[in-house]
Structure formats: C-alpha cells, structure tokens
Amino acid sequence: MFTQNLIEYCKTNNAGLCPVCHGELKVEVITTPTRDNINIICENCEKSEFFTGTIKKSS
C-alpha cells in the first residue's frame, strides 16, 4: 500500500501523503546492526506497512 511512499521517502526524505485518506505519514526507521527497517504509518486512518531492509555489508 505504501510502496510509492517508501520510494519517495528514499529519494527525498519525505514520505508524502497517505494514499487512502491523504493524511500526513509518519516514518519510523528501526536501525539494527544487520539492517535498517522502515515502518510507514498513517495515524489518521491507522494504516501502516513495515518494510524490511536489506542486509548490511559486513566489515
């Protein structure tokens, strides 16, 4: 549901508006040692989508 918003967030650091209710989206970045995950949330219509990040390169 929020795939286009994720792409926009990765390009501009702004997720834009909810495609359902056009409310402002909140983005949570969950940083772990192995990957960075992104959760996009619309607090207005209570919809959200969690995106699992790719494995970080080991150094």
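For the charges described here, Lys and Arg count as positive and Asp and Glu as negative, while His and the chain ends are left out of the count. On that basis the protein, which is seen here as a predicted model, has 6 positive and 7 negative side chains, and the centres of these two sets lie 11 Å apart.

With the charges placed, the overall build can be followed along the chain. The protein contains one helix and three strands, and reading along the sequence gives the pattern α-β-β-β. The C-alpha trace spans about 45 × 20 × 15 Å along its principal axes. Of the 59 residues of the protein, 27% count as buried, and the surface that the protein exposes comes to about 4,300 Å², with carbon and sulfur atoms supplying 49% of it. Among the contacts with a separation of 6 or more, 23% are accounted for by residues 24 or more positions apart.

Moving from the whole to single positions, one may begin with N13, which is found in the loop between α1 (3–12) and β1 (25–31). The phi of N13 is near 70 degrees, a positive value in a residue other than glycine, and N13 is exposed, with a relative accessible area of 61%.

A positive phi also appears at E46, where the angle is about 60 degrees although E46 is not a glycine. This residue, E46, lies in the loop between β2 and β3 (47–51), and at 71% relative accessibility E46 counts as exposed. E46 can also be placed relative to C21, since the two are 25 residues apart in sequence and 9.9 Å apart in space, taken from C-alpha to C-alpha.

The asparagine N37 offers a view of strand β2 (residues 36–42), in which N37 lies. At 8% relative accessibility, N37 counts as buried. Leaving aside residues up to four places away in sequence, N37 touches E28, V29, I30, T32, F50, F51, T52 and G53. With one of these residues, G53, there is a further link, for the side chain of N37 reaches the backbone nitrogen of G53 at 2.9 Å.

The cysteines remain to be considered, and here a cut-off is needed. A disulfide is a covalent bond between the sulfur atoms of two cysteines. In this model a pair of cysteine sulfur atoms is taken as a disulfide when the two are within 2.5 Å, and by this rule the count comes to zero disulfides. For C18, the nearest cysteine sulfur is that of C45, at 3.7 Å, and C18 is in no disulfide. C45 is likewise in no disulfide, the nearest cysteine sulfur to it being that of C42, which is 3.6 Å away. As for their surroundings, C18 is buried, with a relative accessible area of 1%, whereas C45 counts as partly exposed at 25% relative accessibility.

How values were computed:
Residues numbered from 1 in each chain as written. Predicted model: local features only at pLDDT ≥ 70, side-chain atom pairs only at ≥ 80, totals over all residues. Heavy atoms only, no water. Buried < 20%, exposed > 50% of the residue type's maximum accessible area, 1.4 Å probe, protein only. Helix = DSSP H or I, 4+ residues; strand = E, 2+ residues; numbered from the N terminus. Polar contact = N/O pair within 3.5 Å; in protein donor to acceptor, adjacent residues only side chain to side chain. Contact = heavy atoms within 4.5 Å. Areas by Shrake-Rupley, 256 points an atom, 1.4 Å probe, with all protein chains shown as cover. Charge placed at Lys NZ, Arg CZ, Asp CG, Glu CD.
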